[in-house]
Amino acid sequence: MEILTGIKAHTIRMWEKRYGLLKPQRTTTQIRTYSNNDLLLLLNVSLLYKKGIKISRIADMSNEQIYQASRSLQHSEDTDTAIEQFIVSVLQLDEQLFQKTFQELTYKSDLSVIFSEHIIPFLNRIGVMWLVGTINPAQEHFISNLIRQKIIAAIDQLPVPDSKQVKIILYLPEHEWHEISLLVYHYHLRSKGLNSIYLGQALPYDALIKAVTILEPECLVSSWLTAIEPQKIRDHFHQLETDLGPVTLIAGGYQIDQLESFLSKKIKRIRTLSDLELFISP
């Protein structure tokens, strides 16, 4: 719950004990378990609490009053609660809330900032929710497609770089279909005037090699989110090093983070968009 809501676990436990805000079920080994309704309630409590409303006052409200107060807050311009509002939009399949929250962010921040400070942390939380079964495929597809539309529209507004510039290929490996992080990388590079070339989802290895032969890029950038045997990831990069020689290999995503000590030190790991800029020489 701490990862999903942004509220420290000890704070949640204190609220449960002192104010009775939540009544989680317990396993036979006394581990707390929370329902989707618990998560939705706590997200709404978090929105109110971050707005400065005292927890004692929130605890005196009924659940319906908490939801109504949160909905009123969602009509105000408050970027500090954007991630929570995005999560609520996922749980309730609320496109209007997503669009409104995103639009308010665009009034105050550049798209690169929105993607790095709001969308990527939000996606990290959604990834955890997906892994623990808090959201279902319909909800994940709903939000992924909305975000994908935003990024592609933003990319489409940028000029196409001169083909004579140094080339950067972005691709997803054969098993990988989660493209939002890679699209963010593509937008960020294009916004800096760099010649990034997006080859998309589940690209067969042979096709990647042919593209490299044609384009002669300086860098390959990939993103790895879907669970896969660690050795297969290691083999993929080892084969690239063997086949391509001096091309810089850059990778990001949850699986890369988890396998940091297992992978070759030659692979540059992306944690932030700033990392991406550092690894690529214009």
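Select R269 first and show its neighbours: leaving aside residues up to four places away in sequence, R269 touches A251, I256, E260, L263, S264, D275 and F279, where contact means heavy atoms within 4.5 Å. What you have open is a predicted model, in which local features need pLDDT of at least 70 and side-chain atom pairs count only at pLDDT 80 or more, while totals for chains, interfaces and linings use all residues. Residues are numbered from 1 along each chain as its sequence is written, and side-chain values use heavy atoms, with hydrogens and water left out.

Stay with R269, which is found in strand β7 (residues 268-270); helices (H or I, at least four residues) and strands (E, at least two) are DSSP runs, numbered from the N terminus. Is R269 buried or exposed? Its relative accessibility is 11%, so R269 counts as buried, given that buried means under 20% relative accessible area, exposed over 50% and partly exposed in between (1.4 Å probe, protein chains only). Now display the polar atoms of the R269 side chain: one lies 2.9 Å from the backbone oxygen of I267, and the backbone oxygen of L263 lies 3.4 Å from a polar atom of this side chain.

Next, select strand β5, of whose five residues five are buried. Looking along β5, you will find that C219, V221 and S223 point one way, whereas L220 and S222 point the other way. On adding strand β3 (residues 167-171), you can see that β3 and β5 pair in the parallel sense over four bridges, pairing being assigned if DSSP finds at least two bridges between two strands; here I168 stands opposite C219 of β5. Then add strand β6 (residues 248-252), which runs parallel to β5 and is joined to β5 by five bridges, with V221 opposite I250 of β6.

V221 also leads into the largest nonpolar core, which has 62 residues and in which V45, F122, I147, I151 and V221 touch the most other members. Such a core is a set of buried Ala, Val, Leu, Ile, Met, Phe, Trp, Tyr and Cys residues joined through side-chain atoms within 4.5 Å. Helix α3 (residues 36-50) gives this core its largest share, eight residues. Select V45 and, not counting residues up to four places away in sequence, you will find that V45 touches W15, L21, I55, I58 and I66. Apart from this core lies another, of 21 residues, including I233, F237, L249 and A251. In soluble globular proteins, nonpolar side chains tend to be buried together.

Turn now to the aromatic rings, among which the structure holds six pairs. Rings of Phe, Tyr and Trp (its six-membered ring) pair if their centres lie within 6.5 Å, and planes under 30 degrees apart count as stacked, over 60 as edge-to-face and the rest as tilted. Select F86 and F122, whose ring centres are 5.3 Å apart and whose planes are at 50°, so the pair is tilted. This pair links distant parts of the chain, 36 residues apart, with F86 in helix α6 (residues 82-91) and F122 in helix α8 (residues 111-131). F86 is buried, with a relative accessible area of 0%, and F122 is likewise buried at 0%. Adding F98 and F102 to F86 and F122 shows one aromatic cluster.

As a last stop, select R234 and F262, where the charged end of R234 sits over the ring of F262, 4.6 Å from its centre; this requires NZ of Lys or CZ of Arg within 6 Å of the ring centre and within 35 degrees of the ring normal.

Key
Polar contact = N/O pair within 3.5 Å; in protein donor to acceptor, adjacent residues only side chain to side chain.
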